[in-house]
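User: I'm at the bench most days and rarely read models. Could you walk me through this one, feature by feature?

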Amino acid sequence: MNIANNTFKTLKDLDKAHYLHPFTDLQEHKQKGGDIFSRAEHIYIYNSEGKQLLDGMSGLWCSNLGYSQPTINKAITQQLEVLPYYNSFFQCTHQLAVDMAKSLVEVTPPQFNKVFFTNSGSEANDTNIRLVHRYYNLLEKPNKKQIISRKNAYHGSTVAAGSLGGFNGMHEQYTGVNYVHHIAEPNWFGYDGELDRDAFGKHVAQELAAKIDELGEENVAAFIAEPIQGAAGVIVPPETYWPEISKICKERDILLILDEVICGFGRTGNWFAAETYNIEPDLLTFAKGVTNGYQPLGGVMVSDKVADVITCNEGEFTHGFTYSGHPLACAAGIATLDILKNEQVIEKGAADIMPYFQARLRSLEDHPIVGEVRGVGMLAALELVKNKSSKERLAPDCEGGAICKMHAIEHGLMVRSVGDAIVTAPPLICSREEIDLLITRLTIALDYTAKHYG
Ligand code: PLP
């Protein structure tokens, strides 16, 4: 189809004709087209009709500092003039990749002194698989290849990262790798057994021990998990969950991979949720917030325990990407970490806006269709129900969440719906007034949704 011939009149038509969107119903998109966003400022996004939305999702949980950060822009454009691209293969390096690695080592937990750069969280989790398999091969434990993950986890969308993930909808569409096994996630709201929250946390963690026993410890390489499961609908684990998981990983010869792609860089009130939950991972996945979403960058922080093995044996680590440690991505990353550090965004956020955000959201617990409010730091979800005590859904097929999201967007608030949960993760730099605005718009959306099912 020849675009120059002006066959299509609008951007929307061109979008429908040529652009296959990620995580989108492609048939629906072909018919209706997408929502076009044309600019962003501070914590607001604007669509092509000029409508303003408060971005209650920080993009895809990544623009933690919002959209107006001139020092990040400047760092990228300055680097363009100096060294727009070079690679890190075959012993090559450049200033920005080294500086970025050093900056990350400074802000991550003390066991991490090395980093492997990727372009995304998905590639970083693929890298984790390459690292743990190499680690155990070098330790002459070649049978340790199995990896345990959780149902409804999201670890990315490459074939291997998608296999680590636990979404049926993804697994139904392709055949993943055969060495990943899924145990239950610590979903307290979805649990209707006899145990109290703490006992449930320990109980569900014990599924890890049971799975290791089933597979044989000699065959299991690692357990991977998000500290709080984001894409599953912000599943906040009971306080007892992570201590039990940590104990199991330490007692057995199992590496712990913590996927901090959403939680990292301040979202839970600490630099990393490893600190929030006192977890000591062997490998830590990062992406998204590391550049404030301004450039694609991800990676794996590698603990001394793993690094000592993979760097003290001869032979190339046959893994990497053309853009690993890309200078422009590193420039954005260094500038982002500098802002977080110098302006004490996380410390100030944890002292004020995060508790304020959580308290204001909890005031919605009384709303007739809110069954639960859960969250930590600047990350939260509201579970929508028809009946608070039976937890009966608003409608079959989780339509209620989608209806509420539609009303939120109509009233100037971008949120995400996950089943019947409404998820929100606004930028860390929101003011109290902006959180009030978010709550006002969310309340209107809830009211309209209640009326819809009333
Ligand atoms: N891990 C987690 C926890 C995520 O939430 C995501 C993306 O949402 C990923 C990994 C994948 O990251 P990317 O989309 O950069 O590949």
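Analyst: Happy to. Helices and strands here are runs assigned by DSSP, at least four residues for a helix and at least two for a strand, numbered from the N terminus. Keep in mind that this is a predicted model. In the protein chain you'll find 17 helices and 15 strands.

User: How do I read the overall size: what radius of gyration does the protein chain have, and what would a compact globule have?

Analyst: The idea is to set the chain against a simple globule rule based on the number of residues. For 454 residues, that rule puts a compact globule near 22 Å, and the protein chain has 22 Å, so the two agree. Along the principal axes, the C-alpha atoms fill a box of roughly 65 × 60 × 50 Å. As for contacts in the protein chain with a separation of 6 or more, 71% are between residues 24 or more positions apart.

User: What about the inside? How many residues are in the largest nonpolar core?

Analyst: In soluble globular proteins, nonpolar side chains tend to be buried together. In this model, buried residues make up 47% of the protein chain. The largest nonpolar core has 127 residues, and Phe223 and Val302 have the most contacts inside it. Helix α13 (residues 327-342) gives this core its largest share, nine residues.

User: And which residues is Val302 in contact with, leaving aside its neighbours within four places in sequence?

Analyst: Among them are Phe112, Val115, Phe116 and Leu283. Phe112 is a handy pointer to strand β4 (residues 112-118), where five of the seven residues are buried. β4 pairs with strand β10 (residues 298-303) in the antiparallel sense, over six bridges. One position to find on screen is Phe117, which stands opposite Gly299 in β10.

User: How do I read a sheet, then? Which strands are at the edges of the open one with four strands?

Analyst: Two strands pair if there are at least two bridges between them. Here the order is β1-β2-β3-β13, with mixed pairing. The edge strands, β1 (37-41) and β13 (413-414), each pair on one side only. Within the sheet, β2 (residues 44-47) and β3 (residues 52-55) run antiparallel and are joined by three bridges. Look for Tyr44, which stands opposite Leu54 in β3.

User: Now the ligand. Which residues come nearest?

Analyst: Start with the shell, then ask what sort of residues make it up. There are 16 residues around the ligand, and Ser120, Gly121, Ser122, Gly156 and Val261 come nearest. By class, the shell has six nonpolar, eight polar and two charged residues. Helix α6 (residues 121-138) supplies the largest share, three residues.

User: Let me pick Gly156. Is it buried or exposed?

Analyst: The cut-off is 20 or more other C-beta atoms within 10 Å for a buried residue. Gly156 has 23 such neighbours, so it counts as buried. You'll find Gly156 in the loop between β5 (146-150) and α7 (159-164). Its C-alpha atom is 4.1 Å from that of Ser122, although the two are 34 residues apart along the chain. Beyond its sequence neighbours within four places, Gly156 has contacts including Ser120, Gly121, Asn125 and Gly165.

User: What else is in that loop between β5 and α7?

Analyst: Ala153 is found there too. Ala153 counts as buried because it has 22 C-beta neighbours inside 10 Å. Leaving aside neighbours within four places in sequence, Ala153 is in contact with residues including Leu164, Glu185, Ala225 and Gln229. Its C-alpha atom and that of Cys263, 110 residues apart along the chain, are separated by 14 Å.

Technical notes:
Residues numbered from 1 in each chain as written. Predicted model: local features only at pLDDT ≥ 70, side-chain atom pairs only at ≥ 80, totals over all residues. Near = placed C-beta within 6 Å. Nonpolar A, V, L, I, M, F, W, Y, C, P; charged D, E, K, R; others polar. Core = buried A, V, L, I, M, F, W, Y, C linked by C-beta atoms within 7 Å. Buried ≥ 20, exposed ≤ 12 C-beta atoms within 10 Å, placed from the backbone. Contact = placed C-beta atoms within 7 Å. Rg over C-alpha atoms; globule rule 2.2 N^0.38 Å.
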